[in-house]
Amino acid sequence: MTDMTAAHNNKDLVLRGFAEFAAGNIEVLRTLLREDFIEHSPDNPSGRDAFVEFIATAPVARAKLDLKRIVADDEYVVMHYHVHTPEDERGTAVVDIWRLVDGQIVEHWDVVQSVPDLSRIPNGMF
């Protein structure tokens with residue numbers, strides 16, 4: 001059974017953090033991520049400090065992030081958003097899965113897909 005209070009609190013926490021990160025505050029990750037944070041994405045480091053340093057130099061840190069939807073269930077929060085830059089207007093579709101414990105993110109998974117030409121997606125990507 002879903003704990004709606006935990007889901008609501010976790011969703012709010014991740015949503016506030018996403019808004020700050022999207023506005024350029026990369027350091028917000030240091031308050032959101034637990035020190036022993038586990039990263040499941042290829043080539044991304046685990047550990048809060050290593051992950052923050054990695055993200056600070058990644059393209060996502062300079063991109064426009066357009067949140068499309070957010071879903072929360074117990075300790076998991078899932079976000080679907082569009083990432084784009086002036087160099088890549090079509091951009092990338094991203095789904096992040098965050099697991100939280102005691103108000104901090106402890107694990108992360110993601111799915112990343114380049115947005116194809118609109119003629120290939122008649123119902124829209126988002």
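Contact here means heavy atoms within 4.5 Å. With that in hand, let's work through some exercises together.

This is a predicted model, in which local features need pLDDT of at least 70 and side-chain atom pairs count only at pLDDT 80 or more, while totals for chains, interfaces and linings use all residues. Residues are numbered from 1 along each chain as its sequence is written, and side-chain values use heavy atoms, with hydrogens and water left out.

**Exercise 1. The fold as a whole**

Task: Work out which elements the protein has, and in what order they run from the N terminus.

Solution.
- Step 1: Begin with the inventory, which is 3 helices and 5 strands. Helices (H or I, at least four residues) and strands (E, at least two) are DSSP runs, numbered from the N terminus.
- Step 2: Put them in order: α-α-β-α-β-β-β-β.
- Step 3: Check the overall dimensions. The radius of gyration is 15 Å, close to the 14 Å that the globule rule gives for 126 residues, so the protein is as compact as a globular protein of that length. The radius is taken over C-alpha atoms, and the rule is 2.2 Å times the number of residues to the power 0.38.
- Step 4: Add the extents of the C-alpha trace, about 45 × 35 × 25 Å along the principal axes.

**Exercise 2. Surface, burial and charge**

Task: Find what share of the residues counts as buried, and how many positive and negative side chains there are.

Solution.
- Step 1: Set the classes: buried is under 20% relative accessible area, exposed is over 50%, and partly exposed is in between (1.4 Å probe, protein chains only).
- Step 2: Apply them, and 40% of the 126 residues come out buried.
- Step 3: Turn to the accessible surface, about 7,400 Å², of which 53% belongs to carbon and sulfur atoms. These areas come from the Shrake-Rupley method with a 1.4 Å probe; for residues, only the protein chains shown count as cover.
- Step 4: Count charges, with Lys and Arg as positive, Asp and Glu as negative, and His and the chain ends not counted. The result is 12 positive and 22 negative side chains, with the centres of the two sets 5 Å apart. Each charge is placed at NZ of Lys, CZ of Arg, CG of Asp or CD of Glu.

**Exercise 3. Two histidines and a lysine**

Task: Identify the side-chain partners of H80 and K68, and the backbone oxygen that H82 reaches.

Solution.
- Step 1: Locate the residues. H80 is in strand β3 (residues 76–85), H82 is also placed in β3, and K68 belongs to strand β2 (residues 64–73).
- Step 2: Read their accessibility. H80 is buried at 16% and H82 is buried at 13%, whereas K68 is partly exposed at 34%.
- Step 3: List contacts, leaving out residues up to four places away in sequence. H80 touches L67, K68, R69, A93, V94, V95, M125 and F126. K68 is in contact with H80, Y81, H82 and F126. For H82, the partners include D66, K68, R90 and F126.
- Step 4: Look for polar contacts: a pair of N or O atoms within 3.5 Å, where within protein one must be able to donate a hydrogen and the other to accept it, and residues adjacent in sequence count only if both atoms are side-chain atoms. The H80 side chain pairs with that of R69 (2.5 Å), and the K68 side chain with that of D66 (2.8 Å). The H82 side chain reaches the backbone oxygen of R90 at 2.6 Å.

**Exercise 4. Partners far along the chain**

Task: Determine how far apart V106 and L33 are in sequence and in space.

Solution.
- Step 1: Place V106 in strand β5, where V106 is buried at 1% relative accessibility.
- Step 2: Compare the separations: V106 and L33 are 73 residues apart along the chain, yet their C-alpha atoms are separated by 6.3 Å.
- Step 3: Do likewise for L32 of helix α2 (residues 28–32). L32 and L100 are 68 residues apart in sequence and 9.2 Å apart, C-alpha to C-alpha.

**Exercise 5. Positive phi**

Task: Say where D43 lies and whether D102 is buried or exposed.

Solution.
- Step 1: D43, with phi near 70°, sits in the loop between β1 (33–39) and α3 (48–57) and is exposed at 75%.
- Step 2: D102, with phi of about 50°, lies in the loop between β4 (88–101) and β5 (104–114) and is exposed at 79%.
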